Structures are given as C-alpha cells and as structure tokens.
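Visitor: I'm new to this one. Could you pick a single part and take me through it slowly?

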Amino acid sequence: MKQPSRITILNLTVLHCIITVNVVNSHAIYREAPQTDANEVCKFAIPPLGLACKSCSEVVRCGCESPGINCRIHLVGTCSAGTVCEKGRCVMGSTPIPTEVPAFECSSSGIFPDPYDCESYHFCLPPKVVGEPLEHRAAKCTADGSQHYGYNPITTFCSTKLVNNKCTANPIPFCKKPLDIGMVGKNPRLYYMCVNATIEGKITKILYPYQFACEFGTKFNVAVGECK
C-alpha cells in the first residue's frame with residue numbers, strides 16, 4: 001500500500017523549520033555551507049538580537065552586512081525535548097515532518113508507530129502466501145470527545161495525551177546520519193535504522209528510519225545495537 005508524500009504547513013516559520021530539517025538530514029552544516037544558506041536563515045532573524053532558527057531545534061544569532069546579505073551565523077543553543085525553534089525562540093509546538101517521506105514499508109511483523117505522525121500507526125502482518133511481501137495496514141487514533149491522543153508504542157494503544165491536541169514529539173528522532181540505530185518509543189522490542197529512503201523505486205538522499213521488531217523473547221540492546 002503506497003502513501004502519498006506529505007507536507008505539514010503550520011505557518012511560515014514552521015515551513016522554514018521543515019525545509020531546514022531536510023537540509024540537516026543531508027548533512028549540511030551551515031557554518032561550512034555556502035554563504036547564501038546563511039543569508040536564507042537570516043531572512044527570518046528577529047531584531048534586535050538577530051535570532052533565527054537554523055533547524056527545528058537550533059537557535060542561531062545572525063550577523064549581516066545588511067538584512068539577508070553577507071550573513072554569518074553563530075549557534076546560540078539547542079531547544080529541549082518537546083519544544084521547537086520558532087522565530088528565534090524555543091516554544092511548544094507541533095512536530096514538523098520533512099517535505100517528502102516514503103510510503104511506510106514493513107520490514108518485519110508487528111505494530112509500529114508512524115515516524116512523523118504521532119497519531120498514526122501501522123500493522124505489519126505475515127503474508128497470506130509464502131514468499132509475498134508483508135501485508136501493511138495503516139491506522140490512526142481517533143479523538144475521545146475533545147481530547148486527542150497519540151499512539152503509544154509501549155502500550156500499543158492510543159493512550160498518549162496530546163498537548164493542545166498537537167504532536168510535540170516523535171517516537172523516533174530525526175535521522176542525522178546513515179545507519180543511526182536506536183529503540184523506538186522506549187519499547188525494547190522495537191528498533192529503527194536510518195537508511196536512504198526509496199521513493200517511487202529510486203534511492204534518495206532522504207534518510208528514513210525503517211523499523212524492525214525483535215523476535216519473541218528478545219529485546220533490543222542499545223549497547224551492541226541488536227536484539228538479545
């Protein structure tokens with residue numbers, strides 16, 4: 001089952017944040033990047049200190065010859081978990097996703113959270129015919145009255161209360177480099193590995209956290225990076 005590419009546009013600032021995530025996932029470092037990249041970041045700088053967002057979590061200070069021209073940036077700090085950078089400040093807000101993501105792909109049987117939408121999850125079922133791909137079914141949490149809930153990979157239920165009915169964290173951190181590996185949402189039976197995503201049959205530069213489930217009776221060992 002293929003899912004269309006998705007984009008979340010909450011406001012101009014978050015759109016800038018989303019674009020920056022893609023740049024970070026491509027391993028670009030602004031202080032080493034062409035000057036025009038710093039100029040783009042500093043177009044959003046807030047006076048009088050010239051603070052701006054280099055990524056969804058990094059606050060920088062801009063120094064420009066004139067607004068948006070010949071700019072240099074200096075890292076001020078990193079936002080804490082549950083907050084994102086908006087207008088040069090760390091604030092509570094929805095978690096952005098890259099502008100393009102691949103369709104969810106089942107790597108092993110189990111129930112897995114969506115990497116970019118805390119309200120969605122995926123069933124990966126054994127194939128009906130031996131040799132065929134795993135069967136994939138997508139699902140989404142529904143609101144209980146006015147309160148919205150996110151999927152909890154530990155309980156495997158929609159039991160995580162959302163803040164202002166918005167996702168403020170993902171069960172999987174954004175991929176920073178190929179072969180990054182870790183536990184999914186504190187569930188010791190689930191783990192992910194960051195690999196270049198395949199979209200429409202082509203391998204892209206976008207890093208995507210493909211998920212796996214440990215065999216029954218084993219748990220993911222973070223220290224050795226495998227199920228034991």
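Guide: Let's start with a sheet, follow one of its residues to an aromatic partner, and finish with the disulfides.

First, some ground rules: this is a predicted model, where local features need pLDDT of at least 70, side-chain atom pairs count only at pLDDT 80 or more, and totals for chains, interfaces and linings use all residues. Residues are numbered from 1 along each chain as its sequence is written, and side-chain values use heavy atoms, with hydrogens and water left out.

Now find the open sheet of three strands, ordered β11-β12-β13 with antiparallel pairing. Strands here are DSSP runs of E with at least two residues, helices are runs of H or I with at least four, and both are numbered from the N terminus. Two strands pair if DSSP finds at least two bridges between them. In general, strands of a sheet pair through backbone hydrogen bonds, either parallel or antiparallel. On the edges sit β11 (181-184) and β13 (202-213), each pairing on one side only. From one strand to the next, the twist averages 35°; the axes behind it are lines fitted to C-alpha atoms (for helices, over the stretch in contact), with angles running from 0 to 180 degrees between N-to-C directions.

Zoom in on β11 and β12 (residues 187-199), which pair in the antiparallel sense over four bridges. One spot to look at is M183, whose bridge partner in β12 is Y191.

Stay with Y191, since its ring has a partner too. Y191 and F220 form a stacked aromatic pair, 4.9 Å centre to centre with 10° between the planes. Y191 lies in β12 and F220 in strand β14 (residues 220-221), so the pair ties together parts that are 29 residues apart in sequence. For the wording, rings of Phe, Tyr and Trp (its six-membered ring) pair if their centres lie within 6.5 Å; planes under 30 degrees apart are stacked, over 60 edge-to-face, and the rest tilted. Y191 counts as buried at 17% relative accessibility, and F220 is buried at 6%. Buried means under 20% relative accessible area, exposed over 50%, and partly exposed in between, using a 1.4 Å probe and protein chains only.

By this rule there are eight aromatic pairs. Among them is F104 with F112, a tilted pair at 6.4 Å centre to centre and 40° between the planes. Both F104 and F112 are buried. There is also an aromatic cluster made up of Y116, F174, Y208 and Y210.

On to the disulfides: the structure holds eight, counted as pairs of cysteine sulfur atoms within 2.5 Å. Such a link is a covalent bond between the sulfur atoms of two cysteines. One of them joins C42 to C62, S to S 2.2 Å, and this link is left-handed, with -95° about the S-S bond. C42 belongs to helix α2 (residues 35-42) and C62 to strand β2 (residues 58-63), 20 residues apart. C42 is buried at 7% relative accessible area, and C62 is buried at 15%.

Another disulfide is formed by C53 and C85, with sulfur atoms 2.0 Å apart. It connects strand β1 (residues 51-53) with strand β4 (residues 83-86), 32 residues apart, and both cysteines, C53 and C85, are buried.

Last on our walk, C106 is joined to C124, S to S 2.1 Å. The torsion about the S-S bond of C106 and C124 is about -80°, so this disulfide is left-handed.
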